[in-house]
Amino acid sequence: MLDPLAAVRAPDGPSRDVYLTGTVFLDIIFTGLDSAPVRGTESWARGMGSSPGGIANMATALARLGLRTSLAAAFGDDMYGDYCREELESGEGIDLSLSHTVPGWHSPVTVSMAYEGERTMISHGHEAPPRKAGSFEGAGAHGGAYDPEAPECPPPSTACVSSLVPGRAQEWIAAAARRGSRIFADVGWDETGRWDLAALAELPHCEAFLPNAVEAMRYTGTECPRAAAHALAEYVPLAVVTLGSEGAYAVDARTGEAAHVPGVAVEALDTTGAGDVFVAGFVTGSLAGWPLAERLAFAGLTAALSVQEFGGSLSAPGWPEIAAWWRGVGAHGPHRTRYAFLERILAGCAASAPPRRAVPTLGFRPPEQPPS
């Protein structure tokens with residue numbers, strides 16, 4: 001696998017590039033719907049897939065870009081949990097040594113319905129019970145116990161990725177920042193409706209904050225995404241506002257640089273996990289030390305490639321798919337100048353087996369071997 005950080009790794013640096021924690025869901029995705037389901041009727045989907053979801057979307061996207069990724073999560077004591085753990089650990093090479101299986105706890109499940117380029121989701125699950133004090137699991141993201149005395153709490157890593165939650169403290173983020181990890185964070189919908197930046201207690205510890213346009217404008221009280229990005233840059237060193245199919249806009253408060261990169265036009269099959277893939281691409285470029293515009297362009301490209309597959313985690317592209325896009329489309333089309341930097345990065349990136357994608361079911365039995 002291509003290692004985008006090979007040139008910048010320190011011999012005595014952390015063994016983990018990125019650490020993250022959160023809840024793993026089993027995602028069941030229906031695609032090919034002509035419209036939203038109507039009450040009292042039955043709708044048939046033309047496509048279906050199953051894959052790990054939730055925090056697994058981000059972890060898989062990071063791992064497929066060659067980052068040494070460590071995930072702390074609780075896994076259900078059921079077949080769904082076994083499937084998700086196997087996919088992430090054996091299939092994607094994600095370090096799950098800080099994860100655990102909870103006896104008698106069933107895996108959270110999300111059903112996602114994709115139609116008209118959008119998605120509607122229904123989820124069910126219960127918060128995992130807390131682990132005993134002394135075993136760090138992520139400070140409450142999935143019922144873990146934060147133990148500031150534990151030497152691996154949080155584990156040494158070059159970067160950490162988190163989703164900030166209004167009013168919910170995540171002490172591990174501050175601890176990671178004090179120990180030198182670079183913190184990248186996005187945010188979800190504010191269910192309280194207050195949209196108060198002061199409620200995001202960990203924001204001062206973040207190197208980069210990556211909300212979408214609606215979230216950014218609500219938090220800043222501005223009427224356009226660019227104004228929101230400049231307002232957020234007063235709180236964090238790097239503010240990145242994602243604009244969906246229109247790309248992203250970023251402001252670097254340390255240098256005063258601002259950059260806008262339009263999106264790559266594709267026919268979207270399923271947008272589940274696209275935001276996670278964008279963040280993973282941006283983190284990769286940031287750790288590799290690329291210029292701001294290149295980081296935005298790369299993040300947007302990885303997100304665009306992901307929406308052409310259905311599912312969250314298993315739609316994330318790896319370097320072979322990125323190389324195939326560049327050599328087949330990018331280098332000969334309208335994006336060739338903006339993405340010319342890929343030529344130096346992809347040198348020596350060879351073709352490989354296609355990555356696993358979401359499939360309609362899980363646990364297929366192996367084919368029977370003919371008698372010898």
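This passage describes the sheets, helix packing, cores and aromatic pairs of a predicted model.

Residues are numbered from 1 along each chain as its sequence is written, and side-chain values use heavy atoms, with hydrogens and water left out. In this predicted model, local features need pLDDT of at least 70 and side-chain atom pairs count only at pLDDT 80 or more, whereas totals for chains, interfaces and linings use all residues. The pLDDT, which is the predictor's confidence in each residue on a scale from 0 to 100, averages 89 over the protein, and 92% of the residues score at least 70. Over residues 134-146 the pLDDT stays under 50; the model has 55 contacts (heavy atoms within 4.5 Å) for this stretch beyond four places in sequence.

Helices (H or I, at least four residues) and strands (E, at least two) are DSSP runs numbered from the N terminus, and two strands pair if DSSP finds at least two bridges between them. One open sheet contains 8 strands in the order E4-E1-E9-E10-E11-E12-E13-E14, with mixed pairing. Its edge strands, each pairing on one side only, are E4 (69-72) and E14 (258-261). Within this sheet, E9 (residues 157-164) and E10 (residues 182-187) are parallel and share 6 bridges. Cys160 has Ile183 in E10 as its bridge partner. Helix H3 (residues 171-178) packs on the sheet, where it touches E1 (16-21), E9 and E10, and its direction makes about 155 degrees with that of E9; axes are lines fitted to C-alpha atoms, for helices over the stretch in contact, and angles run from 0 to 180 degrees between N-to-C directions. Trp172, Ile173, Ala174, Ala175 and Ala176 of H3 are buried, a class defined as under 20% relative accessible area, with exposed over 50% and partly exposed in between (1.4 Å probe, protein chains only). The buried residues of H3 pack against E1, E9 and E10. Gly180, just after H3, adopts a positive phi of about 100 degrees.

Towards the other edge of the sheet order, strand E13 (residues 248-252) has 5 of its 5 residues buried and is therefore largely enclosed by the rest of the structure. In a regular strand the side chains alternate between the two faces of the sheet. From E13, Ala248, Ala250 and Asp252 point one way, while Tyr249 and Val251 point the other way. E13 is joined to E12 (residues 238-242) by 5 bridges in the antiparallel sense, with Val241 opposite Tyr249. These two strands form a hairpin with 5 residues between them, and Gly244 in the turn has a positive phi of about 65 degrees. E13 also runs antiparallel to E14, through 4 bridges; here Tyr249 stands opposite His260. A hairpin with 5 residues between the strands is formed by E13 and E14, and its turn includes Gly256, with a positive phi of about 85 degrees.

A further open sheet has 4 strands in the order E3-E2-E7-E8, with mixed pairing. E3 and E8 (118-124) are its edge strands, each pairing on one side only, and the twist averages 20 degrees from one strand to the next. E2 (residues 24-31) and E7 (residues 109-115) run parallel and are joined by 5 bridges, with Ser112 in E7 as the bridge partner of Ile29. Ser50 lies in E3 (residues 47-54) and is buried, with a relative accessible area of 4%. Leaving out residues up to four places away in sequence, Ser50 touches residues including Asp27, Ile28, Ile29, Tyr83 and Leu314.

A nonpolar core is a set of buried Ala, Val, Leu, Ile, Met, Phe, Trp, Tyr and Cys residues joined through side-chain atoms within 4.5 Å. The largest has 68 residues, of which Leu71, Phe282, Trp319 and Leu342 touch the most other members. Helix H7 (residues 292-306) gives the most to this core, with 9 residues. Apart from the largest core lies another of 30 residues, among them Ile183, Leu203, Leu232 and Val251.

Across the whole structure, 8 aromatic pairs are found; rings of Phe, Tyr and Trp (its six-membered ring) pair if their centres lie within 6.5 Å, and planes under 30 degrees apart count as stacked, over 60 as edge-to-face and the rest as tilted. The rings of Trp189 and Trp195 form an edge-to-face pair, because their centres are 4.8 Å apart and their planes stand at 85 degrees. Trp189 is partly exposed at 47% relative accessibility, whereas Trp195 is buried at 9%. Ring pairs also link Trp290, Phe298, Trp319, Trp325, Tyr339 and Phe341 into a cluster.
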